[in-house]
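User: Please take a close look at one part of this model: how its strands pair. Add the helix contact and the loop residues that belong in the same account.

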Amino acid sequence: MSLLSFFKNKKTQTTSVLPLEVDIHSHLIPGIDDGIESVEQGLDILREMVDLGYKKVITTPHTMMEAYPNTPETINSGLAVMKAAIAEAQIPIEIEAATEYFLDESFIERLDNDEPLMTFGDNYVLFETSFMNAPPFLKEATFKMTVKGYKPVYAHPERYIYLLEDDALLEEMVDRSLYFQLNLVSLSGCYSKPVQKFSEKLIDKELVSFVGTDCHNMGHIDYLKRSMQSKYFKKVLDLNLLNNTLL
Ligand SMILES: [Fe+2]
């Protein structure tokens, strides 16, 4: 059964269950970035995700030199706390952690110094950039990651104004074989109408390899449910998404 027909079969039910089993983008380790602030908040969100059909969450706190200087140690110790709480609360979901690297100077230094990056699945690395201006080292960073054998995953490309306005750059990023990760909540219009429209364009061009919730708090779950009503939500699920290969 295709993902689309699965969804169609489910949509008459009052509670929709997604055919997505793995989420690869969220901020569900308390107190280390702008995501959840307490373990309890995380558990409430994870219960909702179980109800939606998720079986595994690869959570990705920010690593950003100035605002959130996380390390594998800060992330993994928070992960251990969440794992224990999930087991205690008997929530049937698996949790792993990677990170969402912001492309700043420290990221380039990390690559140049051969410091291992936090990856998930088959050597995937999630990265983000500033929203307004493309960082001068976007091409350098993605090239270096690829040369070192990583598979760069471009977090929420639909949110970058510089990309929305620059078809040539979009084509170049596609040619670099980046894996585009769309935020499902973008389809609800929660960021802006242009972001929603750009999401739809990326889906129409079949450029999306992964989808993510980018869940920071319960508000994102509400937006996710709103997005589920969009026809592009059904459309993106019918692409050859890689999420479920990571179960
Ligand atoms: Fe994020």
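Analyst: Ala155 stands opposite Gln181 of β8. Strands (E, at least two residues) and helices (H or I, at least four residues) are DSSP runs, numbered from the N terminus. This is a predicted model: local features need pLDDT of at least 70, side-chain atom pairs count only at pLDDT 80 or more, and totals for chains, interfaces and linings use all residues. Residues are numbered from 1 along each chain as its sequence is written.

The strand that Ala155 faces, β8, covers residues 179–183. A parallel pairing of 3 bridges joins β7 (residues 151–155) to β8. Two strands are said to pair if DSSP finds at least two bridges between them. β8 also pairs with β9 (residues 208–212), again in the parallel sense, over 4 bridges. In that second pairing, Asn183 has Gly212 of β9 as its bridge partner. β8 is mostly covered, since 4 of its 5 residues are buried. Here a residue is buried if 20 or more other C-beta atoms lie within 10 Å of its own, exposed if 12 or fewer do, and partly exposed in between, with C-beta atoms placed from the backbone.

These strands belong to an open sheet of 6 strands, in the order β3-β5-β6-β7-β8-β9 and with parallel pairing. At its edges stand β3 (62–63) and β9, each with a single partner strand, so one side of each has no neighbour in the sheet.

Next to β7 in the strand order is β6. These two strands pair in the parallel sense over 4 bridges, and Tyr124 stands opposite Lys151 in β7. On the β5 side, 3 bridges join β5 (residues 100–102) to β6, and the two strands run parallel. There, Phe102 is opposite Glu128 of β6.

How much of β6 is buried? The count is 5 of the 5 residues, so β6 is largely enclosed by the rest of the structure. Tyr124, Leu126 and Glu128 point one way from the strand, while Val125 and Phe127 point the other way; all are buried. Glu128, which faces Phe102 across the pairing, is thus one of the buried residues of β6.

Two residues in loops deserve a note for their backbone. Asn123 is in the loop between α4 and β6 (124–128). Its phi is positive, about 70 degrees, although Asn123 is not a glycine. Asn123 has 13 other C-beta atoms within 10 Å and is therefore partly exposed. Asp214, in the loop between β9 and α9 (218–227), also is not a glycine and has a positive phi, of about 50 degrees. Asp214 counts as buried because 26 C-beta neighbours lie inside 10 Å.

The loop that holds Asn123 follows on from α4, and this helix has a contact of its own to describe. α4 (residues 105–112) packs with α5 (residues 138–147) at an angle of about 30 degrees, with the axes 10 Å apart. Axes are lines fitted to C-alpha atoms, for helices over the stretch in contact, and angles run from 0 to 180 degrees between N-to-C directions. The two helices are therefore roughly parallel to each other. Angles under 35 degrees count as roughly parallel, over 145 as roughly antiparallel, 65 to 115 as roughly perpendicular and the rest as oblique. The crossing of α4 past α5 is left-handed, a term used if the near helix is turned anticlockwise from the far one by less than a right angle.

From α4, Phe107, Ile108 and Leu111 meet Glu140, Ala141, Lys144 and Met145 of α5. By class, this contact has 5 nonpolar, no polar and 2 charged residues. Ala, Val, Leu, Ile, Met, Phe, Trp, Tyr, Cys and Pro count as nonpolar, Asp, Glu, Lys and Arg as charged, and the others, Gly among them, as polar. Residues are in contact if their C-beta atoms, placed from the backbone, lie within 7 Å.

There is also an open sheet of 3 strands, ordered β1-β2-β4 and paired in parallel. Its edge strands, β1 and β4 (94–97), each pair on one side only. β1 and β2 (residues 56–59) are joined in the parallel sense over 2 bridges, and Val22 has Lys56 of β2 as its bridge partner.

Gly35 is found in the loop between β1 (22–23) and α2 (39–52). Gly35 is buried, with 24 other C-beta atoms within 10 Å. Leaving out residues up to four places away in sequence, Gly35 touches His27, Leu28, Ile29, Pro61 and His216.

Technical notes: Two residues are in contact if their C-beta atoms, placed from the backbone, lie within 7 Å.
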